[in-house]
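Here's a friendly walk through one protein model, for anyone meeting it fresh. Have the picture open and follow along.

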Amino acid sequence: TDIAEILYASDVFVLTSLWEGLPCTIVEAMCCGKPTVANGIDGVKEIVEEGKTGFLTQVYRYQDTAKRIVDLVVDEKKRIDMGNAAKKSITQEFDLNFVVKAHQDLYNGQ
């Protein structure tokens with residue numbers, strides 16, 4: 001029940017799943033302005049923009065994942081800039097008006 005509180009208290013969101021559909025946890029973190037470090041798997045690659053809203057790492061490359069986390073923890077400006085970009089990106093992509101229009105366009109064959 002306190003997910004938003006935990007996310008706002010965090011600096012970086014990390015997800016090392018081996019498979020995902022659309023990871024709602026990343027969407028929630030991005031809405032809270034958190035950059036993401038995650039395995040570059042299907043579902044994740046569609047919402048995390050490498051180097052802009054977070055970092056995508058290869059599965060089982062734990063040292064690379066750890067390095068990206070440390071990079072963001074140490075570099076406050078990068079962390080804040082990526083978090084702001086993440087929030088802007090996700091709120092535009094999941095904006096209700098945008099989603100409704102996209103569905104209308106799909107059904108209208110546009």
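Is Arg 68 buried, partly exposed or exposed? With a relative accessible area of 27%, Arg 68 is partly exposed, because that value falls between the cut-offs of 20% for buried and 50% for exposed. One thing to keep in mind as you look around: this is a predicted model.

**Salt bridges**

Arg 68 has a partner, too. Its side chain forms a salt bridge with Glu 50, and the closest N and O atoms are 3.8 Å apart. This pair ties together distant parts of the chain: Arg 68 sits in helix 3 (residues 62-74), while Glu 50 is in the loop between strand 2 and strand 3 (54-57), 18 residues away. Glu 50 is partly exposed as well, with a relative accessible area of 40%.

How many salt bridges does the structure hold? There are seven, and here are three of them.

| Pair | Closest N to O | Where |
|---|---|---|
| Arg 68 and Glu 50 | 3.8 Å | helix 3 and the loop between strand 2 and strand 3 |
| Asp 81 and Lys 77 | 2.6 Å | both in helix 4 |
| Asp 105 and Lys 101 | 2.8 Å | both in helix 5 |

Take the helix 4 pair. Asp 81 and Lys 77 are four residues apart, about one turn of the helix. In an α-helix there are 3.6 residues a turn, so residues three or four places apart point the same way. Asp 81 is partly exposed at 40% relative accessibility, whereas Lys 77 counts as exposed at 58%.

The pair in helix 5 (residues 96-107) has that four-residue spacing too: Asp 105 and Lys 101 are about one turn of the helix apart. Lys 101 is partly exposed, at 46% relative accessibility. For a sense of distance, try finding Ala 86: it is 15 residues from Lys 101 in sequence and 22 Å from it in space, C-alpha to C-alpha.

**Inside helix 2**

Now for helix 2 (24-31). Which of its residues are buried? They are Ile 26, Val 27, Ala 29 and Met 30. These residues cover an arc of only 165° around the axis, which puts them on the same side of helix 2. As for what they pack against, the list is helix 1 (3-9), strand 1, strand 2 (36-39) and helix 4 (76-93).

Ala 29 is a good one to zoom in on. It lies in helix 2 and counts as buried, because its relative accessibility is 0%. Setting aside neighbours within four places in sequence, Ala 29 is in contact with Leu 7, Phe 13 and Lys 34. Leu 7 is 22 residues from Ala 29 along the sequence, yet their C-alpha atoms are 6.2 Å apart in space.

Just after helix 2 you'll meet Gly 33, which takes a positive phi of about 75°.

**Out on the surface**

Where is Leu 18? Look in the loop between strand 1 (13-15) and helix 2. Leu 18 is partly exposed, with a relative accessible area of 38%. Together with Trp 19, Tyr 60 and Tyr 62, Leu 18 makes a nonpolar surface patch of about 550 Å².

Terms used. Residues are numbered from 1 along each chain as its sequence is written. This is a predicted model: local features need pLDDT of at least 70, side-chain atom pairs count only at pLDDT 80 or more; totals for chains, interfaces and linings use all residues. Side-chain values use heavy atoms; hydrogens and water are left out. Helices (H or I, at least four residues) and strands (E, at least two) are DSSP runs, numbered from the N terminus. Buried means under 20% relative accessible area, exposed over 50%, partly exposed in between (1.4 Å probe, protein chains only). Patches are made of residues with over 30% relative accessible area and no salt bridge: like charges are joined within 9 Å, nonpolar side chains (Val, Leu, Ile, Met, Phe, Trp, Tyr) within 5 Å. Accessible areas come from the Shrake-Rupley method with a 1.4 Å probe; for residues, only the protein chains shown count as cover. A salt bridge is a side-chain nitrogen of Lys or Arg within 4 Å of a carboxyl oxygen of Asp or Glu. The arc is that of the directions from the helix axis to the C-beta atoms. Contact means heavy atoms within 4.5 Å.
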